[in-house]
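Trainee: Hi! Could you walk me through this structure in plain words?
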Amino acid sequence: MIQHDCYGEALRIIIDFAIDKHRHAERVVDVRTELSDLRDELNSFDHRTLQWLHDRMAVAFRMDYYLNADLFAHAAQNSHTPAEINNLWFDFLRRELARVFANHLELPRLILTAALYPNLSPKGSDAEDELYRLTKILYSELE
(Lines give C-alpha, C1' and ligand atoms only; values in the text may rest on other atoms or scores of the structure.)
Protein backbone atom coordinates (compact mmCIF):
# COMPACT_ATOMS: atom_id res chain seq x y z
CA MET A 1 0.00 0.00 0.00
CA ILE A 2 3.03 2.31 0.15
CA GLN A 3 2.79 3.36 -3.51
CA HIS A 4 -0.99 3.57 -3.24
CA ASP A 5 -0.71 6.03 -0.37
CA CYS A 6 1.63 8.34 -2.29
CA TYR A 7 -0.25 8.13 -5.62
CA GLY A 8 -1.22 11.83 -5.58
CA GLU A 9 2.35 12.95 -4.99
CA ALA A 10 3.62 10.68 -7.78
CA LEU A 11 1.05 12.17 -10.17
CA ARG A 12 2.22 15.63 -9.15
CA ILE A 13 5.79 14.63 -10.07
CA ILE A 14 4.58 13.44 -13.49
CA ILE A 15 2.59 16.63 -14.11
CA ASP A 16 5.38 18.91 -12.85
CA PHE A 17 7.85 17.13 -15.13
CA ALA A 18 5.56 17.65 -18.12
CA ILE A 19 4.92 21.30 -17.24
CA ASP A 20 8.63 22.03 -16.86
CA LYS A 21 9.57 20.39 -20.18
CA HIS A 22 6.60 21.95 -22.00
CA ARG A 23 7.45 25.45 -20.73
CA HIS A 24 11.07 24.96 -21.76
CA ALA A 25 10.05 23.93 -25.28
CA GLU A 26 7.68 26.88 -25.45
CA ARG A 27 10.54 29.26 -24.60
CA VAL A 28 12.83 27.64 -27.17
CA VAL A 29 10.39 27.94 -30.07
CA ASP A 30 8.68 31.09 -28.75
CA VAL A 31 5.19 29.77 -29.46
CA ARG A 32 2.18 29.59 -27.16
CA THR A 33 -0.63 27.17 -27.88
CA GLU A 34 -4.04 26.32 -26.52
CA LEU A 35 -2.28 23.63 -24.46
CA SER A 36 -0.04 26.33 -22.96
CA ASP A 37 -3.07 28.28 -21.80
CA LEU A 38 -4.68 25.18 -20.27
CA ARG A 39 -1.40 24.28 -18.61
CA ASP A 40 -1.12 27.70 -17.00
CA GLU A 41 -4.67 27.43 -15.64
CA LEU A 42 -4.22 23.90 -14.26
CA ASN A 43 -5.57 23.47 -10.76
CA SER A 44 -6.93 19.92 -11.00
CA PHE A 45 -7.37 17.04 -13.44
CA ASP A 46 -8.87 13.58 -13.64
CA HIS A 47 -6.15 11.29 -12.29
CA ARG A 48 -7.44 8.37 -14.36
CA THR A 49 -5.99 9.90 -17.53
CA LEU A 50 -2.46 9.24 -16.23
CA GLN A 51 -3.15 6.10 -14.23
CA TRP A 52 -1.80 3.69 -16.84
CA LEU A 53 1.45 5.64 -17.23
CA HIS A 54 1.85 5.86 -13.46
CA ASP A 55 1.05 2.19 -12.94
CA ARG A 56 3.50 0.97 -15.58
CA MET A 57 6.30 3.07 -14.09
CA ALA A 58 5.33 1.88 -10.61
CA VAL A 59 5.57 -1.75 -11.72
CA ALA A 60 8.97 -1.06 -13.29
CA PHE A 61 10.08 0.44 -9.96
CA ARG A 62 8.83 -2.56 -8.00
CA MET A 63 10.64 -4.94 -10.32
CA ASP A 64 13.85 -2.92 -10.00
CA TYR A 65 13.45 -2.54 -6.25
CA TYR A 66 12.71 -6.19 -5.56
CA LEU A 67 15.45 -7.44 -7.84
CA ASN A 68 18.17 -4.98 -6.82
CA ALA A 69 17.48 -3.79 -3.27
CA ASP A 70 18.22 -5.59 -0.06
CA LEU A 71 14.56 -6.46 0.38
CA PHE A 72 15.33 -10.01 1.37
CA ALA A 73 18.31 -9.23 3.56
CA HIS A 74 16.18 -10.15 6.56
CA ALA A 75 13.83 -13.09 6.39
CA ALA A 76 10.73 -11.34 7.72
CA GLN A 77 11.14 -7.65 7.08
CA ASN A 78 12.25 -5.05 4.63
CA SER A 79 15.20 -2.94 5.76
CA HIS A 80 13.65 0.25 4.31
CA THR A 81 11.03 2.31 6.08
CA PRO A 82 7.93 3.36 4.12
CA ALA A 83 9.34 6.90 3.90
CA GLU A 84 12.60 5.57 2.45
CA ILE A 85 10.70 3.46 -0.07
CA ASN A 86 8.70 6.55 -1.08
CA ASN A 87 11.92 8.46 -1.64
CA LEU A 88 13.36 5.61 -3.69
CA TRP A 89 10.14 5.47 -5.73
CA PHE A 90 10.05 9.23 -6.37
CA ASP A 91 13.73 9.26 -7.36
CA PHE A 92 13.12 6.34 -9.71
CA LEU A 93 10.05 8.08 -11.18
CA ARG A 94 12.01 11.26 -11.94
CA ARG A 95 14.83 9.27 -13.56
CA GLU A 96 12.36 7.17 -15.53
CA LEU A 97 10.53 10.23 -16.85
CA ALA A 98 13.87 11.73 -17.92
CA ARG A 99 14.92 8.44 -19.54
CA VAL A 100 11.71 8.11 -21.53
CA PHE A 101 11.79 11.79 -22.47
CA ALA A 102 15.32 11.41 -23.88
CA ASN A 103 13.93 9.16 -26.61
CA HIS A 104 10.33 10.37 -26.77
CA LEU A 105 10.28 14.16 -26.82
CA GLU A 106 6.50 14.07 -27.21
CA LEU A 107 6.07 12.74 -23.65
CA PRO A 108 5.35 16.09 -21.92
CA ARG A 109 2.80 17.06 -24.59
CA LEU A 110 1.08 13.68 -24.30
CA ILE A 111 0.96 13.88 -20.51
CA LEU A 112 -0.45 17.40 -20.51
CA THR A 113 -2.92 16.72 -23.30
CA ALA A 114 -4.22 13.61 -21.56
CA ALA A 115 -4.53 15.46 -18.25
CA LEU A 116 -5.88 18.79 -19.48
CA TYR A 117 -8.46 17.81 -22.05
CA PRO A 118 -11.51 16.36 -20.32
CA ASN A 119 -12.54 12.78 -20.78
CA LEU A 120 -14.36 12.13 -24.03
CA SER A 121 -12.41 14.92 -25.71
CA PRO A 122 -10.79 13.39 -28.80
CA LYS A 123 -7.54 15.23 -28.03
CA GLY A 124 -7.38 13.83 -24.51
CA SER A 125 -8.46 10.34 -25.54
CA ASP A 126 -5.93 10.23 -28.37
CA ALA A 127 -3.15 11.32 -25.98
CA GLU A 128 -4.16 8.63 -23.47
CA ASP A 129 -4.14 6.04 -26.23
CA GLU A 130 -0.69 7.16 -27.35
CA LEU A 131 0.64 7.00 -23.77
CA TYR A 132 -0.80 3.51 -23.52
CA ARG A 133 0.92 2.42 -26.76
CA LEU A 134 4.19 4.01 -25.66
CA THR A 135 4.18 2.25 -22.29
CA LYS A 136 3.33 -1.08 -23.93
CA ILE A 137 6.52 -0.67 -25.98
CA LEU A 138 8.69 0.72 -23.18
CA TYR A 139 7.63 -1.88 -20.62
CA SER A 140 6.95 -4.87 -22.84
CA GLU A 141 8.75 -7.15 -20.37
CA LEU A 142 6.04 -6.40 -17.81
CA GLU A 143 3.30 -8.00 -19.90
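Mentor: Happy to; we can start with the overall layout and then go to single residues.

Trainee: What should I know before reading any numbers?
Mentor: This is a predicted model, where local features need pLDDT of at least 70, side-chain atom pairs count only at pLDDT 80 or more, and totals for chains, interfaces and linings use all residues. Residues are numbered from 1 along each chain as its sequence is written, and side-chain values use heavy atoms, with hydrogens and water left out.

Trainee: How many helices and strands are there in the protein chain?
Mentor: The protein chain has seven helices and zero strands. Helices here are DSSP runs of H or I with at least four residues, strands are runs of E with at least two, and both are numbered from the N terminus. Read from the N terminus, the order is α-α-α-α-α-α-α.

Trainee: And what does the C-alpha trace span along its principal axes?
Mentor: About 55 × 30 × 25 Å.

Trainee: What share of the residues is buried?
Mentor: Of the 143 residues in the protein chain, 40% are buried. Buried means under 20% relative accessible area, exposed means over 50%, and partly exposed is in between, with a 1.4 Å probe and protein chains only.

Trainee: Let's pick one helix. How many residues of H6 are buried?
Mentor: Nine of the 10 residues in H6, which covers residues 107-116, are buried. Among them are Leu107, Pro108, Leu110 and Ile111.

Trainee: What about arginine 109?
Mentor: Arginine 109 is in H6 too, but this residue is partly exposed because its relative accessible area is 44%. From arginine 109 to serine 140 there are 31 residues in sequence and 22 Å in space, C-alpha to C-alpha.

Trainee: How do H6 and H7 cross?
Mentor: Their axes come within 8 Å and cross at roughly 135 degrees, with H7 being residues 122-138. That angle makes H6 oblique to H7. The axes are lines fitted to C-alpha atoms, for helices over the stretch in contact, and angles run from 0 to 180 degrees between N-to-C directions. Angles under 35 degrees count as roughly parallel, over 145 as roughly antiparallel, 65 to 115 as roughly perpendicular, and the rest as oblique.

Trainee: Which residue in the loop between H6 and H7 should I look at?
Mentor: Try leucine 120, which sits in that loop. Its phi is near 80 degrees, a positive value in a residue other than glycine. Most residues other than glycine have a negative phi. Leucine 120 counts as exposed because its relative accessible area is 79%.

Trainee: Where else is there a positive phi?
Mentor: Aspartate 30 has a phi near 55 degrees, and this residue is not glycine either. You will find aspartate 30 in the loop between H2 and H3, and at 69% relative accessibility this residue counts as exposed.

Trainee: What lies around there on the surface?
Mentor: Val28, Val29 and Val31 make a nonpolar surface patch of about 270 Å². Valine 31 is in the loop between H2 (7-29) and H3 (34-40), and with 42% relative accessibility valine 31 is partly exposed.

Trainee: Switching to charges: how many salt bridges are there?
Mentor: The count is 12 salt bridges, each being a side-chain nitrogen of Lys or Arg within 4 Å of a carboxyl oxygen of Asp or Glu.

Trainee: Can you show me some?
Mentor: Arginine 32 pairs with aspartate 37 in a salt bridge, with the closest N and O atoms 2.7 Å apart. Another joins arginine 39 to aspartate 40, with closest N and O atoms 2.9 Å apart. Arginine 39 is buried, since its relative accessible area is 3%, whereas aspartate 40 is partly exposed at 38%.

Trainee: What about a pair within H7?
Mentor: Arginine 133 and glutamate 130 form a salt bridge, and their closest N and O atoms are 2.9 Å apart. The two are three residues apart in helix H7, so about one helical turn separates them. Elsewhere, salt bridges that share partners join Arg23, Glu26, Arg32, Asp37, Arg39 and Asp40 into one network.

Trainee: Last one: how far apart are leucine 38 and leucine 116 in sequence and in space?
Mentor: They are 78 residues apart in sequence and 6.5 Å apart in space, C-alpha to C-alpha. Leucine 38 lies in helix H3 and is partly exposed, as its relative accessible area is 26%.

Terms used. Patches are made of residues with over 30% relative accessible area and no salt bridge: like charges are joined within 9 Å, nonpolar side chains (Val, Leu, Ile, Met, Phe, Trp, Tyr) within 5 Å. Accessible areas come from the Shrake-Rupley method with a 1.4 Å probe; for residues, only the protein chains shown count as cover.
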